[in-house]
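This report describes how the parts of one protein chain fit together. Please keep the sequence and the structure in view while reading.

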Amino acid sequence: MEQVLNFIGGEITESHSGRTAPVYNPATGEQSREVVLSSADEVRSAIAAAQKAFPRWAGTSPLRRARILFKFKALLEENMDELARLISNEHGKVYSDAVGELTRGLEVVEFACGIPHLLKGEHSLNVGTGVDSNSLMQPLGVCAGISPFNFPAMVPMWMFPVAIASGNTFVMKPSEKDPSTSVRLAELLKQAGLPDGVFNVVHGDKEAVDVLLTDHRIQAVSFVGSTPIAEYIYSTASAHGKRCQALGGAKNHAVIMPDADLDLAANALMGAAFGAAGERCMAISVAVAVGDEVADQLIARLKPQVEALRVGPGVVEGQENDMGPLVSAVHRDKVVGYIDQGEQEGAELVVDGRGLRVPGHEAGYFVGGTLFDKVTPEMTIYREEIFGPVLAVVRVPDYASALELVNNHEYGNGTAIFTRDGHAGRQFSHDVLAGMVGVNVPIPVPMAFHSFGGWKRSVFGPLNVHGPDGVRFYTRMKTVTSRWPSEPQQSAEFSMPTMK
Ligand code: NAD
């Protein structure tokens, strides 16, 4: 069985931990590889490699660091097809969606290529007579990233391009469910000219992660994954004196107002709820219909489209499927369990995706598109993140009830409103308790030069990923105040210095 190995100090590195985990092709249900689960000592050796590489890398000019990232970007483009197939074969998402996630990751590389400009800092001439102030944005040292299964390329690329462009070195711990992409990215970084030890990949589970959270050499931890683990990561890393950003789970609502273009809204909901089989932290999983008439018309538009979803393997010759399988058998069973529960708790099951059979792929982890109507806030399928192709329609009487519903949910990652009323869109953007808002845009993922992150229990830590927050997260600000007097100072001053 092919093994997915660590990448430490610029080399593919064997593991002697004796522990591995299977990696499956979710479309066939067959094991394709096994990934090593690193021991604590192996993670420490990756941290040591990153620590060794740090002084030289931090001393390399930002322009030279950026030039390596420019080459990396070109290599990503050259190898897009191979990377997209790798993602699809381990995650299950359809090929064009894998290309989409690579493109969104590549955009962060493009942003990081502007690092000479981003690290200029601030300068004030004459903060006092003959006194100037300027800031230095210095790298932190060795940083760590821990990523989820659902974006094996994009989420690591939310983290390491900005980190290494800023002069840090990095240890990446990808999801053990689809670990190969990170190793391929490490190889491409090396090919682009990145010095050995600047970017390392260690595979593993809690044992590996705990070293990254507690080792004194790690300065900052960036985590993306489920909320319970995000809470654990944030509290443990913070207790060990590290800077931490931990992005968690989601339950994203789209509010459909009575004046909305319902064809636009229904089409947008289809992509946002069922793209990537709902395994996106920005997927819309709740449609909040304002008024029964809107709900009835929405269901009438959605039902035939959900029934017509093409579900199958991610990589096919000819016409592509709309949606692939879920990532694992365990996750498929969990999603099916939620559909059972929705039915038991009294939601109206309009389209049932359970028991879907994909000819030739009977052992794949498929669940068909599922649509519930008349879901209420007490139901488990409303409260919890399902992370599957399940869309719940909740009916509310008016805008105020819609806003209250969204704001009362424990998660606040993304949200959207569909309306033709500019005032309603503007008011919603101001009042809603969520980190990313779309107005007639179903998945408002900010571009790389803005920052990405939610509110409430969807994020822990003050700084979001990429964009200006990303640069702040991976740098430490130092403010230098300087004076070059031409005359010797006459006497000591004992009062608190004030600028004159
Ligand atoms: P997960 O929390 O199970 O795993 C994320 C990472 O944490 C993996 O690398 C995993 O190996 C590690 N991990 C798992 N259990 C651990 C433990 N006990 N101790 C230490 N580390 C542990 O998440 P997942 O299932 O891979 O990903 C799906 C989740 O990620 C969903 O909740 C989704 O909403 C969330 N997500 C959020 C965002 C965001 O931007 N907010 C983006 C993508 C995914």
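In strand β5 of this predicted model, residue V35 is the bridge partner of V4. Strand β5 covers residues 30–36, and 2 bridges join it to β1, with the two strands running parallel. Strands of a sheet pair through backbone hydrogen bonds, either parallel or antiparallel. The sheet in question is open and consists of 3 strands in the order β1-β5-β4, with mixed pairing. Its edge strands, which pair on one side only, are β1 (3–4) and β4 (20–25). Helix α3, residues 80–91, packs on this sheet and touches β4 and β5. The direction of helix α3 makes about 105° with that of β4.

**A second sheet**

Another open sheet is built from 7 strands in the order β15-β16-β17-β14-β13-β19-β20, and its pairing is mixed. Which strands form its edges? They are β15 (348–351) and β20 (436–439), each of which pairs on one side only. On average, neighbouring strands of this sheet are turned by 20° against each other, direction ignored. Within the sheet, strand β14 (residues 284–290) pairs with β17 in the parallel sense over 5 bridges. The bridge partner of A289 in β17 is R395. Helix α11, residues 292–307, lies across β13 (252–256), β14, β15, β16 (370–373) and β17. Its direction is at about 165° to that of β16.

**The annotated region**

UniProt lists residues 14–480 as "domain: Aldehyde dehydrogenase", in an unreviewed entry. Over residues 14–480 the chain is 41% helix and 22% strand. The C-alpha atoms at the two ends of this stretch are 46 Å apart.

**A helix with buried residues**

Helix α8 comprises residues 206–214, and A208, V209, V211, L212 and L213 in it are buried. An α-helix has 3.6 residues a turn, so residues three or four places apart point the same way. What do the buried residues of α8 pack against? Their partners are the helices α1 (40–58) and α9 (227–239), together with the strands β8 (142–146), β9 (169–173) and β11 (218–224).

**Aromatic rings**

A pair of aromatic rings is described by the distance of the centres and the angle of the planes. The count comes to 9 aromatic pairs. Two of them are set out below.

| Ring pair | Distance of centres | Angle of planes | Arrangement |
|---|---|---|---|
| F149 and F387 | 5.9 Å | 85° | edge-to-face |
| F473 and Y474 | 4.9 Å | 85° | edge-to-face |

F149 lies in the loop between β8 and α6 (154–165), while F387 lies in the loop between α13 (380–383) and β17 (390–396). The pair therefore ties together parts that are 238 residues apart in sequence. F149 is buried, with a relative accessible area of 11%, and F387 counts as buried at 17% relative accessibility. Both F473 and Y474 are buried as well. These two residues also belong to a cluster, in which ring pairs link F72, F160, F170, F199, F473 and Y474.

**Cysteines**

A disulfide is a covalent bond between the sulfur atoms of two cysteines. How many disulfides does a search of the whole structure find? The search finds 0. Why is C113 not bonded to C143? The closest cysteine sulfur to that of C113 is in C143, and the distance of 19 Å is too far for a bond, since a disulfide requires sulfur atoms within 2.5 Å. C281 is likewise in no disulfide, and the nearest cysteine sulfur, that of C244, is 17 Å away. C113 counts as buried because its relative accessibility is 7%, under the limit of 20%. C281 has 15% relative accessibility and also counts as buried.

**Positive phi angles**

Two residues that are not glycine deserve attention for their backbone. N126 has a positive phi of about 60° although it is not a glycine, and its place is in strand β6, residues 123–128. H466, also a residue other than glycine, has a positive phi near 40°. Is H466 buried or exposed? At 2% relative accessibility, H466 counts as buried. H466 lies in the loop between β22 (459–460) and α16 (467–473).

How values were computed: Residues numbered from 1 in each chain as written. Predicted model: local features only at pLDDT ≥ 70, side-chain atom pairs only at ≥ 80, totals over all residues. Heavy atoms only, no water. UniProt positions renumbered as here; feature names shortened; annotations may be inferred. Helix = DSSP H or I, 4+ residues; strand = E, 2+ residues; numbered from the N terminus. Pairing = 2+ DSSP bridges. Contact = heavy atoms within 4.5 Å. Axes fitted to C-alpha atoms, helices over the stretch in contact; angles between N-to-C directions. Buried < 20%, exposed > 50% of the residue type's maximum accessible area, 1.4 Å probe, protein only. Phe/Tyr/Trp six-rings, centres within 6.5 Å; stacked < 30°, edge-to-face > 60°.
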